[in-house]
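These are my notes from going through one model, entry by entry. I wrote down what I looked up and what came back.

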Amino acid sequence: MQAQPLAIPEVVLFTPKVFGDERGFFFESFSERAFQEATGLSVAFVQDNHSKSSYGVLRGLHYQLAPKAQGKLVRVVQGAVFDVAVDIRRSSPTFGQWVGALLSADNKQQLWVPPGFAHGFVTLSDTAEFLYKTTDFYSPEHERCILWDDPQIGVDWHFADQPTLSAKDRLGIPLCNAEVFA
Ligand SMILES: Cc1cn([C@H]2C[C@H](O)[C@@H](COP(=O)(O)OP(=O)(O)O[C@H]3O[C@@H](C)C(=O)[C@@H](O)[C@H]3O)O2)c(=O)[nH]c1=O
């Protein structure tokens with residue numbers, strides 16, 4: 001497992017070592033030891049999620065407020081997405097900045113999105129199946145959504161068409177009005 005901190009270094013891109021042979025492939029999709037070595041964090045993942053999206057579906061930018069903030073370790077097992085993390089920790093030198101990565105079934109990469117970040121992705125393939133582990137349970141009362149196209153953040157989604165959003169995500173609010181992290 002190779003770990004690469006992105007421009008916001010708390011966000012880490014993992015590339016697994018894939019063993020291919022005549023049967024197919026094998027790789028360790030999660031190792032607590034490798035994760036701890038790369039991030040310096042000892043976290044407990046308590047929930048696994050799996051979603052499927054059609055081409056152009058954009059989910060985000062989502063987060064849960066403290067004390068139910070979630071770290072997320074995300075990956076794609078079918079198709080491809082562009083995945084984005086936005087730093088929404090007000091005291092952070094990178095507050096309001098974003099980083100992103102192309103995650104696909106082919107590259108098998110995973111992104112660690114720590115607590116204190118809003119997260120979203122857009123589906124670049126016909127369909128995409130998206131799997132992620134979270135460090136806290138789902139808590140609808142703490143759930144918030146920032147507008148995917150907030151100009152203050154200026155995410156380049158690597159997607160030229162108009163994305164398909166949920167009703168909830170259409171009601172996302174700009175970062176300047178959002179409840180965020182200290
Ligand atoms: C996220 C979540 C949703 N649900 C339910 C609520 C709702 O009826 C249905 C669909 O929920 P949503 O529309 O919020 O699903 P979705 O838009 O896929 O939400 C997810 O988006 C990505 C970008 C994230 O970062 C995740 O943390 C999560 O917010 O699933 C759960 O039961 N548990 C969960 O953990």
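**Entry 1: a ring pair and its burial.** I started with Tyr63 and Phe181 in this predicted model. Are these two residues buried or exposed? Tyr63 is buried, and Phe181 is buried too. I then looked at how their rings sit. The ring centres of Tyr63 and Phe181 are 6.1 Å apart and the planes make an angle of 55°, so I noted the pair as tilted. The cut-off matters here: a pair counts as edge-to-face over 60 degrees and as stacked under 30 degrees. Tyr63 belongs to strand 6 (residues 58-64), while Phe181 is in the segment after helix 2 (167-170), so the pair ties together parts 118 residues apart in sequence.

**Entry 2: the other rings.** I searched the whole structure for aromatic pairs and got 12. One of them I checked by hand: Phe35 and Phe45 have ring centres 5.5 Å apart and planes at 75°, so this pair is edge-to-face. Where in the chain do Phe35 and Phe45 lie? Phe35 is in helix 1 (residues 32-39), and Phe45 is in the loop between helix 1 and strand 5 (47-54). They are 10 residues apart, and the pair links distant parts of the chain. Phe35 and Phe45 are both buried. I also traced a cluster: ring pairs link Phe14, Phe30, Phe35, Phe45 and Trp112.

A reminder to myself: two numbers describe a pair of aromatic rings, the distance of the centres and the angle of the planes.

**Entry 3: charges over rings.** I looked for lysines placed over a ring. The charged end of Lys133 sits over the ring of Phe30, at 5.3 Å from the ring centre. Phe30 is also one of the residues in the ring cluster. Lys108 lies over the face of Phe25, 4.2 Å from the centre of that ring.

**Entry 4: more on Lys108.** I stayed with Lys108 and looked up its place, which is the loop between strand 9 (98-104) and strand 10 (110-113). Its relative accessible area is 13%, so Lys108 is buried. Its phi is near 55°, a positive value in a residue other than glycine.

**Entry 5: the record.** I checked UniProt next. Which residues does the unreviewed entry list for "active site"? It lists His62 and Tyr132. The two span 71 residues in sequence, yet their C-alpha atoms are no more than 13.6 Å apart, so they gather at one spot. Both His62 and Tyr132 are included in the lining of the largest pocket.

**Entry 6: His62.** His62 is in strand 6. With a relative accessible area of 21%, His62 is partly exposed; the cut-off for buried is under 20%. Leaving out residues up to four places away in sequence, His62 touches Lys72, Phe117, Ala118, His119, Arg144, Cys145 and Asp169.

**Entry 7: Tyr132.** Tyr132 is in strand 12 (residues 127-134). It is partly exposed, at a relative accessible area of 22%. With the same sequence neighbours left out, the contacts of Tyr132 are Gln47, Asp48, Asn49, Lys72, Leu73 and Val74. Lys72 is in the contact list of His62 and in that of Tyr132.

**Entry 8: His119.** I followed one of the contacts of His62, namely His119. His119 is in strand 11 (residues 117-123) and is buried, with a relative accessible area of 5%. Which side chain is joined to that of His119 by a polar contact of 2.8 Å? It is the side chain of Asp83. Not counting neighbours within four places, His119 has contacts that include Arg59, Gly60, Leu61, Lys72 and Phe130.

**Entry 9: backbone.** Last, I went through the backbone angles. Most peptide bonds are trans, and most residues other than glycine have a negative phi. The exceptions I wrote down follow.

- Gly60 and Leu61 are joined by a cis peptide bond, with omega about -5°; Leu61 is in strand 6.
- The bond from Ala66 to Pro67 is cis, with omega near 5°; Pro67 is in the loop between strand 6 and strand 7 (72-78).
- His158 has a positive phi, near 55°. His158 lies in the loop between strand 13 (143-145) and helix 2 and counts as partly exposed, at 48% relative accessibility.

Methods
Residues are numbered from 1 along each chain as its sequence is written. This is a predicted model: local features need pLDDT of at least 70, side-chain atom pairs count only at pLDDT 80 or more; totals for chains, interfaces and linings use all residues. Side-chain values use heavy atoms; hydrogens and water are left out. Rings of Phe, Tyr and Trp (its six-membered ring) pair if their centres lie within 6.5 Å; planes under 30 degrees apart count as stacked, over 60 as edge-to-face and the rest as tilted. Helices (H or I, at least four residues) and strands (E, at least two) are DSSP runs, numbered from the N terminus. Buried means under 20% relative accessible area, exposed over 50%, partly exposed in between (1.4 Å probe, protein chains only). A charge sits over a ring if NZ of Lys or CZ of Arg is within 6 Å of the ring centre and within 35 degrees of the ring normal. UniProt positions are given in the numbering used here, feature names are shortened, and annotations may be inferred rather than shown by experiment. On a 1 Å grid over the protein atoms alone, a cavity is a set of points where a 1.4 Å probe fits but cannot get out, and a pocket is an open set with protein on both sides within 12 Å along at least five of seven lines; lining residues have an atom within 4 Å of a point. Contact means heavy atoms within 4.5 Å. A polar contact is a pair of N or O atoms within 3.5 Å; within protein, one must be able to donate a hydrogen and the other to accept it, and residues adjacent in sequence count only if both atoms are side-chain atoms.
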